[in-house]
Structures are given as C-alpha cells and as structure tokens.
Amino acid sequence: MSLLSKLFGKSKNPEDYFKVTITDELVKVEHPKRKTEQVNWKDIVEIRMLNTSVGPALPDVWLVLMGGKNGCLIPQGAKGYKEVYDIVSKYEGFDFENVIKSMGCTEDKQFLLWKKQDAK
C-alpha cells in the first residue's frame, strides 16, 4: 500500500459496487442498494446504451439488456461490463455506430444497439 493510499484511503468509483455474474444461461447484476437484476441470454429482445448526465458522481453510461419480463442494467466500468459487451456486440446486426454516438454523448439519451428480429 502506498503512502498516499494510507493517508487518504482508496476511494471507490460508483461502478465498483456492482457485481456482474455471467454464466452460459444468464447475466445477473447485484448492488448493495439496488434490487438484483438478471436476464437469460435467450430472452434478450433488445440492447440499448443509456447515457445520463449524472456522472461522475454516479454511473452515467449503462448497457441495458432487455428481456420479456426481466432485464438488467450494467454500468460501464463495472467489473464484467466488458465481458458482457464482448458477447452482445457479436449479435448479428449490432449497431456499432450507435455505440460511437453514445460515447460522444453527455446528455440523457438512449441508443438502440440491437433488437431481436421477431421482437415487437
């Protein structure tokens, strides 16, 4: 531990409080002050990027996995975010242009990244 860490302590980023669990069947997101969210991979019908104007005090970019009755939000920077993104970005028709637009956005806005073909 460095002297600065001993003196000032290590502060956590808001994303550090999220726990993302990835299995072959599902994605689960846990946080000590939020209801646990989960969605089965096979149930995902839509994927969005959600931008908010609340950063950096709170997470401001979220990957949203929407299922029929379930879904989960994963803040960018949470451990496990990259792994989930790597999986869903391989879905046929995934919109990388909207990912780029999202990364340049600083206002409250949603970007559709993928929608299941037979989803309404």
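So, Glu30: it comes out as partly exposed, with a relative accessible area of 25%. Keep in mind as I go that this is a predicted model. Glu30 has a partner, and that's Lys19: the two form a salt bridge, with the closest N and O atoms 3.9 Å apart. Now look at where they sit. Lys19 is in strand 1, residues 19-22, and Glu30 is in strand 2, so this pair ties together parts that are eleven residues apart in sequence.

Let's stay on strand 2 for a second. Strand 2 runs antiparallel to strand 3, residues 34-40, and five bridges join the two. How many residues does the hairpin between strand 2 and strand 3 pass through? Two residues make that connection. If you want a spot to find on the screen, go to His31, whose bridge partner in strand 3 is Arg34.

Back to salt bridges. The count for this model comes to six, and I'll show you a couple more. Lys42 pairs with Asp43, and here the closest N and O atoms are 3.4 Å apart. Lys42 counts as exposed, at 63% relative accessibility, while Asp43 is partly exposed at 30%.

Then there's Glu46 with Lys115. Their side chains meet in a salt bridge at 3.8 Å, N to O. This one links distant parts of the chain, because Glu46 belongs to strand 4 and Lys115 to strand 7, 69 residues apart. Is Glu46 buried or exposed? Glu46 is buried, with a relative accessible area of 10%. Lys115, on the other hand, counts as partly exposed at 35%. And there's a third member here: salt bridges that share partners join Glu46, Arg48 and Lys115 into one network.

Okay, on to the inside. The largest nonpolar core has 26 residues, and those with the most contacts inside it are Leu63, Leu65, Ile74 and Val84. Who supplies it? Strand 2, strand 4, strand 5, strand 6, helix 2 and strand 7 each put in at least two residues. Take Ile74 as your way in. Leaving out residues up to four places away in sequence, Ile74 touches a list that includes Val20, Val27, Trp62, Leu63, Tyr81 and Val84.

Two of those names, Tyr81 and Val84, take us to helix 2. The buried residues there are Tyr81, Val84, Tyr85 and Val88. They cover an arc of only 100 degrees around the axis, which puts them on the same side of helix 2. Here's the textbook bit: an α-helix has 3.6 residues a turn, so residues three or four places apart point the same way. And what covers the buried residues of helix 2? Strand 1, strand 2, strand 4, strand 5, strand 6 and helix 3 are all included.

Helix 3, residues 96-103, can be read in a similar way. Which of its residues are buried? Asn98, Val99 and Ser102. Looking down the axis, these buried residues fall within an arc of 105 degrees, so they line one face of helix 3. Turn to the other side of the helix and you'll find Glu97 and Ile100, which are exposed. The cover over the buried residues of helix 3 includes strand 4, strand 5, helix 2 and strand 7. One more detail at the N-terminal end: Asp95 caps helix 3 there, with a side-chain oxygen 3.1 Å from the backbone nitrogen of Glu97.

Last stop, two loops. Thr106 lies in the loop between helix 3 and strand 7, and it's exposed, with a relative accessible area of 69%. Setting aside neighbours within four places in sequence, Thr106 is in contact with Thr52 and Ser53. From Thr106 to Pro59 you go 47 residues in sequence, and 12 Å in space, C-alpha to C-alpha.

Pro59 turns up again with Glu15, which lies in the loop between helix 1, residues 3-8, and strand 1. Glu15 counts as buried at 15% relative accessibility, because the cut-off for buried is under 20%. Not counting residues up to four places away in sequence, Glu15 touches Pro59, Pro75, Gln76, Gly77 and Ala78.

Conventions:
Residues are numbered from 1 along each chain as its sequence is written. This is a predicted model: local features need pLDDT of at least 70, side-chain atom pairs count only at pLDDT 80 or more; totals for chains, interfaces and linings use all residues. Side-chain values use heavy atoms; hydrogens and water are left out. A nonpolar core is a set of buried Ala, Val, Leu, Ile, Met, Phe, Trp, Tyr and Cys residues joined through side-chain atoms within 4.5 Å. Buried means under 20% relative accessible area, exposed over 50%, partly exposed in between (1.4 Å probe, protein chains only). Helices (H or I, at least four residues) and strands (E, at least two) are DSSP runs, numbered from the N terminus. Contact means heavy atoms within 4.5 Å. A salt bridge is a side-chain nitrogen of Lys or Arg within 4 Å of a carboxyl oxygen of Asp or Glu. Two strands pair if DSSP finds at least two bridges between them. The arc is that of the directions from the helix axis to the C-beta atoms. A polar contact is a pair of N or O atoms within 3.5 Å; within protein, one must be able to donate a hydrogen and the other to accept it, and residues adjacent in sequence count only if both atoms are side-chain atoms.
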